[in-house]
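Here's a quick tour of one protein model, written for someone just getting started. Have the 3D view open, and hop from spot to spot as you read.

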Amino acid sequence: MSTLKAVRGTRDLLPPETVLWNRVEATARKVFARYNFGEIRTPIFEETSLFARGVGEETDIVSKEMYTWEDRARAQSEKSQSLTLRPENTAGVVRAYIEHKLGETGQLQKLYYIGPQFRRERPQKGRYRQFWQIGAEAIGPPSAGSESPLRDAEVLEMLATFLDELGITGWTLELNSVGSAADRARYNETLRAALEPLAPKMCADCQRRAVTNPLRVLDCKVAEDQPIIATLPRIADSLDENSRAHFAQVTAALDAAGVPYKLNPRLVRGLDYYTRTTFEFTHGGLGAQNALLGGGRYDGLSEAIGGPRAPGIGFAIGLDRLVLTLQAQEAAQNAASPQAAEKGHAYIAPLGEGLNAAALALARELRRKGLTIELGDGSFRLKKSFEAAERAARRIVILGEDELKSGILTVKDFASGIQTKVARDGLAEFLGP
Ligand code: HAM
């Protein structure tokens with residue numbers, strides 16, 4: 001029989017790697033809480049039309065990468081519908097904002113999420129078909145200050161703090177403004193005109209985009225097209241006075257807070273909902289897939305999916321890529337100063353199967369006092385117990401008939417090699433913290 005494997009582009013995350021994932025997630029929760037963001041959890045599948053209307057039919061995500069299926073009716077009262085595994089979470093958050101009428105509170109909603117997303121991309125290092133994002137959105141009616149450039153700067157400052165607290169070094173914040181919907185429409189026309197004579201020399205995708213959605217030409221990754229793309233007009237020249245002023249206030253606030261950034265006039269991002277501020281944090285250690293995270297403003301998204309006016313700004317961090325970056329950094333640090341892997345407080349070795357139950361009772365006692373205990377098995381020979389113990393814990397506790405009766409246990413410390421007799425009452429204190 002052929003063996004079954006995880007589907008291409010998906011993977012299992014095992015200990016000890018999951019320790020790192022938990023650390024990243026815990027740091028995100030801790031840092032975001034200081035900015036008063038609360039957690040939202042939306043379903044991992046939604047109606048297909050949410051992404052078609054929200055993210056945009058012409059984007060690669062919607063046109064090629066979604067996992068979509070026809071969900072058949074199971075009862076006469078039901079209709080079959082087209083459903084999609086979420087390729088990103090912003091559309092789902094905005095759908096929830098509309099559905100729960102969060103705008104009626106009059107407050108800015110600050111929401112974060114941690115969860116898997118699904119895109120049928122060609123798998124490679126840092127690119128998977130099921131991947132994880134940590135994201136956040138600040139959205140609300142304009143009266144709640146949702147359009148303020150201060151919100152953009154605050155979100156970017158929060159990201160810089162998060163990466164710094166995690167210990168990620170060498171990131172670059174790339175920043176651009178794609179303007180308002182009107183600016184973008186004007187820029188699209190300018191691009192369309194500029195592309196007319198050039199498109200026939202470009203790849204098939206660009207030829208199509210040059211007609212349907214010229215802005216997407218700037219996303220093209222085909223090497224031969226890059227010299228042509230470099231000659232195209234810049235979006236910065238199509239921005240109106242308001243968009244320019246908004247962007248100038250974002251950069252002024254970043255300057256005041258001391259958050260470094262690099263202006264990148266070609267950064268348009270691969271989703272259609274963006275308006276005004278757009279950004280990516282990149283990291284040189286990641287290779288081709290160098291975007292650690294991306295985000296921006298989406299002032300028209302709520303209306304595009306049938307909601308009230310609700311400007312917003314947010315981001316999503318690629319958790320898989322963040323962990324890859326941390327692993328590379330920590331491998332380099334450990335090579336310079338190797339550290340012992342984290343081990344448990346003690347391994348309990350029952351001498352004979354008759355002592356297994358008593359060993360469980362002792363382990364329960366110690367674990368309830370907060371210690372990390374590995375429980376052996378009375379069927380093991382003593383040599384095997386010692387070998388297993390040394391791999392898992394800093395000390396071994398021997399539990400035989402005599403120890404059980406007398407309440408005096410034998411503890412050996414692996415680092416020092418010293419063997420000690422310890423009374424059961426004082427054992428937790430002796431082993432911990
Ligand atoms: P995005 O740029 O499509 O934006 O994705 C954000 C991040 O998710 C990327 O920078 C990358 O780190 C990670 N990512 C994307 N695709 C993959 C993949 N196939 N494998 C591994 N990691 C991946 C969004 O998703 C927007 N919803 C961000 C946003 C939130 N904008 C406003 N609010």
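An oxygen atom of the ligand is 3.4 Å from a polar backbone atom of G318. The protein covers 96% of the 660 Å² of accessible area that the ligand has on its own. Keep in mind that this is a predicted model. The bullets below start with the ligand and then move out to other spots.

**Around the ligand**

- Three strands each give two or more residues to the shell around the ligand: strand 6 (130-139), strand 10 (291-297) and strand 11 (312-318).
- Strand 10 chips in the most, with six residues in that shell.
- In total, 27 residues surround the ligand, and the closest are E88, E121, Y128, E137 and Y274.
- Side chains get involved too: a polar side-chain atom of T90 sits 2.9 Å from a nitrogen atom of the ligand.
- Y273 also has a polar side-chain atom 2.9 Å from a nitrogen atom of the ligand.

**Helix 6, and what sits over it**

- Helix 6 runs over residues 181-195, so look there for its 15 residues.
- From first C-alpha to last, helix 6 reaches 20 Å, close to the 21 Å expected at 1.5 Å a residue.
- Which residues of helix 6 are buried? They are D183, R184, Y187, N188, L191 and L195.
- These buried residues are on the same side of helix 6, because they cover an arc of only 135° around the axis.
- The cover over the buried residues of helix 6 includes helix 7 (204-212), helix 9 (241-257) and strand 9 (275-283).

**Strand 9: E280 and R276**

- E280 is found in strand 9, and its relative accessibility is 16%, so it counts as buried.
- What does the side chain of E280 make a polar contact with? Its partner is the side chain of R269, at 3.0 Å.
- Setting aside residues up to four places away in sequence, E280 touches T172, L173, E174, L267, R269, A291, L293 and G294.
- R276 lies in strand 9 as well, and it has a positive phi of about 55° although it is not a glycine.
- R276 is buried too, with a relative accessible area of 12%.

**N264, just along the chain**

- You'll find N264 in the loop between strand 8 (262-263) and strand 9.
- Is N264 buried or exposed? N264 counts as buried, because its relative accessibility is 18% and the cut-off for buried is under 20%.
- The side chains of N264 and E174 are joined by a polar contact of 2.8 Å.
- Leaving out residues up to four places away in sequence, N264 touches E174, L175 and N176.
- E174 is worth a second look, since E174 is among the residues that E280 touches and N264 touches E174 as well.

**A91 in helix 4**

- A91 is found in helix 4, and A91 is buried, with a relative accessible area of 0%.
- How far apart are the C-alpha atoms of A91 and S302? They are separated by 8.6 Å, even though A91 and S302 are 211 residues apart along the chain.
- Not counting neighbours within four places in sequence, A91 is in contact with L50, F51 and I305.

**Backbone oddities**

- Most residues other than glycine have a negative phi, and most peptide bonds are trans.
- K101 goes the other way on phi: its value is near 50°, which is positive in a residue other than glycine.
- To find K101, look in the loop between helix 4 (90-99) and strand 5 (109-118).
- P15 and P16 are joined by a cis peptide bond, with omega about 5°.
- P16 lies in the segment before helix 1 (17-34).
- Another cis peptide bond joins G432 and P433, where omega is about -10°.
- P433 lies in the segment after helix 15 (427-431).

Note on methods
Residues numbered from 1 in each chain as written. Predicted model: local features only at pLDDT ≥ 70, side-chain atom pairs only at ≥ 80, totals over all residues. Heavy atoms only, no water. Helix = DSSP H or I, 4+ residues; strand = E, 2+ residues; numbered from the N terminus. Expected span 1.5 Å × (residues − 1). Buried < 20%, exposed > 50% of the residue type's maximum accessible area, 1.4 Å probe, protein only. Arc of directions from axis to C-beta. Contact = heavy atoms within 4.5 Å. Near = heavy atom within 4 Å. Polar contact = N/O pair within 3.5 Å; in protein donor to acceptor, adjacent residues only side chain to side chain. Areas by Shrake-Rupley, 256 points an atom, 1.4 Å probe, with all protein chains shown as cover.
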